[in-house]
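Good morning, and thank you for coming. I should like to talk about pairs of charged side chains, and then about the packing of two helices. Please look at the sequence and the structure first.

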Amino acid sequence: MTTAATEPSHSVDETGHGGGHGNVSALVLAALGVVFGDIGTSPLYAMQTVFTIDDGAVKPTEANVYGVISMVFWSITLIVSIKQLMFILKADNDGEGGILSLAYLTRRFVPQGGRRFGLVMILGVIGASLFFGDSLITPAISVLSAVEGLKVASPGLEKYVLPIGVTIIAVLFAGQRFGTEKVGRLFGPVMVIWFLALGALGIPHIIADPHVLGALSPHHAVGFAFRHPFIAFIAMGAVVLSVTGAEALYADMGHFGRTPILRAWFWLVFPCLTLNYLGQAQQILHHPETAVSPFFHLAPDWMSLPLVVLATAATIIASQAVISGAFSVARQAERLGYLPRLTVRHTSHSESGQIYIASVNWLLFGGVLLLMLTFRASEKLATAYGVAVTLDLMLTTGLFCVYAAARHRWQHWQIAAFALSFGVLEVNFFAGNAAKVLHGGWLPLLVAATISLVMMTWRRGTTLVTARRVSLEGELLPFLDVMHSGHLAHVDGTAFFLHPNAETVPLALRENINFNQVIHARTVIVSARVRNVPHIPLGERIAIDTLGDPYDHISHVALAFGFQDDQDVPAALALAIEQGLDAELDSAVYFVSKITIHRSDRPGMAGWRKRLFVGLAHNAATPVDYFRLPIGRTVVMGAQVRF
């Protein structure tokens with residue numbers, strides 16, 4: 001195990017993240033293909049679930065249909081249009097979004113050592129874990145709900161729905177290692193066609209019965225809740241499906257910026273979603289028997305099969321966005337010190353955000369496949385959906401309140417107004433989904449709890465092991481004095497010793513001196529540090545220190561990376577040499593300090609958590625791959641640590 005420090009920084013990203021992106025129109029198109037895939041495919045199953053949940057507890061009467069559509073419209077308006085876009089997206093960590101990024105951003109502004117300082121990161125970890133739980137269900141329910149359109153187009157094909165869905169998912173996950181650079185270019189145009197189709201499907205039904213537009217009035221939702229509180233409560237558990245994917249708007253902000261996301265939402269996505277939900281309402285009112293699959297019944301018979309194909313394409317894109325998001329969240333958690341080092345492969349030469357993590361990919365695939373084979377239908381999967389989403393929305397609201405108070409000095413009444421405006425609705429959503437816990441909703445919660453435990457165990461274990469390691473290493477400057485007074489053999493060339501800091505001795509350096517009695521003509525201690533910002537400009541990436549003696553050819557170089565940057569150490573060292581580092585790169589030897597971890601009876605962590613930590617450490621990516629070191633010129637040396 002090797003470690004890299006994480007420290008706060010207030011650097012500004014010169015690459016343009018968070019506002020300096022390229023052509024806005026192109027980014028709007030790209031955002032349509034990534035950001036809105038999940039929420040854009042919700043019409044496939046949201047209304048269907050409302051009117052089939054609990055054996056049809058919500059009857060398709062005019063009052064109920066109007067009340068449900070009003071709930072859907074105002075839920076999307078409040079949570080997506082106002083909360084996420086008007087407030088949450090402004091809390092950007094140098095352009096990056098996501099709940100972990102929000103947690104780190106918030107921690108900048110709260111007093112160190114206080115209760116809030118530790119609490120915000122715990123909330124961030126839980127939120128990230130819930131995202132992984134949600135990531136299992138989204139591909140399964142999206143693809144199944146699209147393929148189930150075959151039952152409307154051709155009822156005899158019903159038995160092929162599950163095999164086709166499983167095949168699509170298998171191909172999707174198997175293709176992740178090739179990257180999404182080429183396919184991604186098609187995502188935007190396909191989703192434009194999809195959203196236009198959503199609107200076009202709804203318009204004829206609205207024209208046939210314009211009175212359905214009245215369902216947009218909030219008084220229908222309020223009246224529905226007061227007249228039938230229990231039925232409305234059940235409906236809320238399914239209405240939340242209309243806002244699933246709202247968290248993606250924030251998580252994907254770093255790829256596109258706030259402005260393209262705003263424009264895509266208000267110009268195309270929101271109007272088309274509204275038109276489609278209104279069309280489904282009219283369809284259900286006049287043909288209650290279509291409530292079991294209202295979306296596909298919007299289309300004429302001749303269009304059913306093409307619509308299934310288009311819906312399947314849209315759900316594949318939605319699933320791809322979730323999978324890519326899982327890769328990004330996993331890397332973010334690892335860079336912030338909450339997961340062991342992961343083997344990350346970049347699948348694009350131009351876009352650093354396009355990555356592939358094999359371990360995450362195949363774990364997700366196994367989970368999605370298990371869900372599909374267990375639940376076998378989108379209607380049953382819907383009972384497990386929504387719990388993780390509502391918890392994630394509640395956590396984001398809570399973190400933003402802390403952020404607004406600490407960063408923007410909001411008054412108590414402002415925080416209370418924000419919490420009441422959005423938190424009350426989200427709490428109701430969660431309460432409406434609480435019953436789902438016993439009917440499948442426990443699965444994403446179990447996944448989230450397991451991942452939270454893994455992340456917190458890794459963080460705590462790293463702290464304990466680092467303390468033990470520091471005691472073995474000893475102070476650097478006194479060790480250098482001993483080196484200077486000794487009779488060491490000098491060999492030509494440059495030796496880079498990777499080490500977290502400039503205060504203690506790299507174990508590899510100590511072992512090399514003690515056993516080989518040699519020192520290279522140029523010795524450089526290299527510390528790769530991840531800062532609390534997504535990206536570090538190249539001009540701020542290098543810090544060179546001669547360690548008090550500019551003539552002994554022993555120096556320290558600190559390489560600063562953002563938690564979204566690729567930690568390519570040789571490339572960063574080449575930049576350092578250009579800035580005056582006394583070293584040469586082509587024939588240099590890299591020394592990595594590796595420690596073997598063993599459990600002991602020392603206090604600090606329960607024995608079973610120590611076993612978990614040791615298992616995680618053994619499966620961590622090797623520093624050679626992680627830091628992009630040349631295999632033929634890298635030497636791994638170290639020691640054993642008991643913690």
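Arginine 335 and glutamate 334 are both buried. In this predicted model, their side chains meet in a salt bridge, with a distance of 3.6 Å from N to O. As a general point, side chains of opposite charge can pair when their charged atoms come close.

How many salt bridges does the structure hold? There are 6 salt bridges, and I shall discuss two others besides the one just described.

Let us turn to aspartate 565, which forms a salt bridge with arginine 541; the closest N and O atoms of the pair are 3.0 Å apart. Where do these two residues lie? Aspartate 565 is in the loop between strand E7 (554-562) and helix H24 (569-578), while arginine 541 is in the loop between strand E5 (518-531) and strand E6 (542-545), so the salt bridge ties together parts that are 24 residues apart in sequence. Are the two partners buried or exposed? Aspartate 565 has a relative accessible area of 9%, under the cut-off of 20%, and therefore counts as buried. Arginine 541, at 11% relative accessibility, is buried as well.

The next pair is aspartate 566 and arginine 628, whose side chains meet in a salt bridge of 3.1 Å, N to O. Aspartate 566 lies in the loop between E7 and H24, and arginine 628 in the loop between helix H26 (623-626) and strand E9 (634-642), so this pair ties together parts that are 62 residues apart in sequence. Here aspartate 566 is partly exposed, its relative accessible area being 25%. Arginine 628 is partly exposed too, with a value of 29%.

I now come to the helices. Two packed helices are described by the angle between their axes and the distance between the axes. Helix H1 (residues 24-34) packs against helix H15 (residues 258-286) at an angle of about 70 degrees, and their axes are 8 Å apart. Because angles of 65 to 115 degrees count as roughly perpendicular, H1 is roughly perpendicular to H15. The crossing in which H1 passes H15 is right-handed.

Which residues make the contact? From H1 they are Val24, Leu27, Val28 and Leu32, and from H15 they are Thr259, Pro260, Arg263, Ala264, Leu268 and Val269. By character, the residues of this contact between H1 and H15 comprise 8 nonpolar, 1 polar and 1 charged.

Thank you for your attention.

Key:
Residues numbered from 1 in each chain as written. Predicted model: local features only at pLDDT ≥ 70, side-chain atom pairs only at ≥ 80, totals over all residues. Heavy atoms only, no water. Axes fitted to C-alpha atoms, helices over the stretch in contact; angles between N-to-C directions. Helix = DSSP H or I, 4+ residues; strand = E, 2+ residues; numbered from the N terminus. Parallel < 35°, antiparallel > 145°, perpendicular 65-115°, else oblique. Left-handed = near helix turned anticlockwise from the far one by under 90°. Contact = heavy atoms within 4.5 Å. Nonpolar A, V, L, I, M, F, W, Y, C, P; charged D, E, K, R; others polar. Salt bridge = Lys/Arg side-chain N within 4 Å of Asp/Glu carboxyl O. Buried < 20%, exposed > 50% of the residue type's maximum accessible area, 1.4 Å probe, protein only.
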